Amino acid sequence: MPLSSWGLSEERLVCMTTDSGTNIIKALKDNNWPSLQCFGHRLHNAIESPTRWGSRQKMIERFLEQEKAITRVLGADKKMRHLVPTWQDLEILEATNKAVKPLQDFTDALSGESYVSVSCIKPVLHLFKTSLLLPEEEDLELTKTIKANIMRYLESKYCDLEKEELLDMATLLDPRFHTTYIDASKLEVVKKRAVSEISALCNSTTEEAGPSAVQENTPPKKKMTLGAFFKNSAPSTTPHPHSEKTKIETELATYFLIPDIEPDTDPLEWWKLHQPNFPRLSLLAKKYLSIPATSAPSERVFSVGGGIVTCNRACLKPEVVDRLIFLAKNV
């Protein structure tokens, strides 16, 4: 199904954030659409949990917290004594909880829809590798194995060139990070790509704007003055063909000179404030920073729609459903 059937233009498509469904992946591949798999689904698959791993982690954490009370209750009942957890059981639960508990907050944070999230994927992966999933001396072997397996899986899913280029560009355009998480050996390539994409965006913006509208009421023709004869014969001041590229490169170089802003600062607010200083670079920021890191925002919309279109309201027209969902999400 073409994007036009949804009122969308394929020329304006930047990226589609999806789950790991084989039908979705095949559709994207068949249409050659750029995509980014949901970080939450990736992490879920990395932990290899048959259900929502966050719920399971909360259950394990609560069990360990109430372990003494549970043991007393089970031990007091002859029929239930065989369910009393052994030290091996507790060791496995503690090892699992220690490995995955720190990851829960990042899944929730990256699932937001009112702030930039895609530019945080590379910093989060770096934090996982250098801190949260880094094996420690006091870790049990099971904890080390779980950490290593999760990190190995995530690295394998974010190592392909297309995903890496997209994440590099998103991170570059976030004033909280700039080039901090970009491989130094690839930095020049990323910069050249940024200049190329900005040039293309500037050209497309100019074409969409089109020629200025002609006034309906044409003023009466005035008698030409002597100076008017020299307008067309004056030396041309057409800018050098490379001047626009130079301006873009200057903007980019100036942007890199700005220190990283505080981590809790909204990058969209920063770009709104500094757009007059970076009119060309801001176009690229709008393009990439709008990509969600997870598919959670769209799944929330589906959930809202499921609460509106019920058995008792099954005759609602599609346009009415659209309006009701819009009101439910924005009022």
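How many helices and strands does the protein chain have? I looked this up before anything else and found 15 helices and two strands. I note that the model is a predicted one.

**Entry: the chain as a whole**

I next looked up burial and contacts. Of the 331 residues in the protein chain, 32% are buried. I then took the contacts with a separation of 6 or more, and 68% of them join residues 24 or more positions apart.

**Entry: helix H12**

I turned to helix H12, which covers residues 267-274. Which residues of H12 are buried? I found Pro267, Trp270, Trp271 and His274. These residues lie on the same side of H12, because they cover an arc of only 95 degrees around the axis. I recalled the general rule that an α-helix has 3.6 residues a turn, so residues three or four places apart point the same way. On the other side of H12, I recorded Lys272 and Leu273 as exposed.

I also asked what covers the buried residues of H12. The cover includes helix H11 (243-257) and helix H13 (281-289). At the start of H12, I noted that the backbone nitrogen of leucine 268 has a side-chain oxygen of aspartate 266 within 3.0 Å.

**Entry: aromatic rings**

I looked up the aromatic pairs and recorded a count of ten. Tyrosine 255 and phenylalanine 256 form one of them, a tilted pair with 5.8 Å centre to centre and 50 degrees between the planes. Is tyrosine 255 buried or exposed? I found tyrosine 255 to be buried, because its relative accessible area is 0%, which is under the 20% limit. Phenylalanine 256 counts as partly exposed, at 23% relative accessibility.

Tyrosine 255 also pairs with phenylalanine 278. Their ring centres are 6.0 Å apart and their planes stand at 85 degrees, so I entered the pair as edge-to-face. This pair links distant parts of the chain, for tyrosine 255 is in helix H11 and phenylalanine 278 is in the loop between H12 and H13, 23 residues apart. Both tyrosine 255 and phenylalanine 278 are buried.

Which residues form one aromatic cluster with Tyr255? I listed Phe256, Trp270, Trp271 and Phe278 beside Tyr255. Trp270 and Trp271 had already appeared in my notes among the buried residues of H12.

**Entry: the largest pocket**

I looked up the largest pocket and wrote down a volume of about 1,300 Å³. It is lined by 34 residues, and the closest to its centre are Leu3, Leu8, Met16, Thr17 and Ser298. Which elements give two or more residues to the lining of this pocket? I found strand E1 (16-18), helix H1 (22-31), helix H14 (296-308) and helix H15 (318-330).

**Entry: positive phi values**

I ended with two residues that have a positive phi although neither is a glycine. For asparagine 32, phi is near 60 degrees. Asparagine 32 lies in the loop between H1 and strand E2 (35-37). I recorded asparagine 32 as exposed, because its relative accessible area is 68%, and the limit for exposed is over 50%.

For histidine 178, phi is about 50 degrees. I located histidine 178 in the loop between helix H9 (161-172) and helix H10 (187-209). Histidine 178 is buried, with a relative accessible area of 4%. I therefore have one exposed residue, asparagine 32, and one buried residue, histidine 178, in this entry.

Technical notes
Residues numbered from 1 in each chain as written. Predicted model: local features only at pLDDT ≥ 70, side-chain atom pairs only at ≥ 80, totals over all residues. Heavy atoms only, no water. Buried < 20%, exposed > 50% of the residue type's maximum accessible area, 1.4 Å probe, protein only. Helix = DSSP H or I, 4+ residues; strand = E, 2+ residues; numbered from the N terminus. Arc of directions from axis to C-beta. Contact = heavy atoms within 4.5 Å. Polar contact = N/O pair within 3.5 Å; in protein donor to acceptor, adjacent residues only side chain to side chain. Phe/Tyr/Trp six-rings, centres within 6.5 Å; stacked < 30°, edge-to-face > 60°. 1 Å grid on protein atoms, 1.4 Å probe; cavity = no way out; pocket = protein on both sides within 12 Å on 5 of 7 lines; lining within 4 Å. Points joined across faces, edges and corners; volume = space filled by probe spheres on them.
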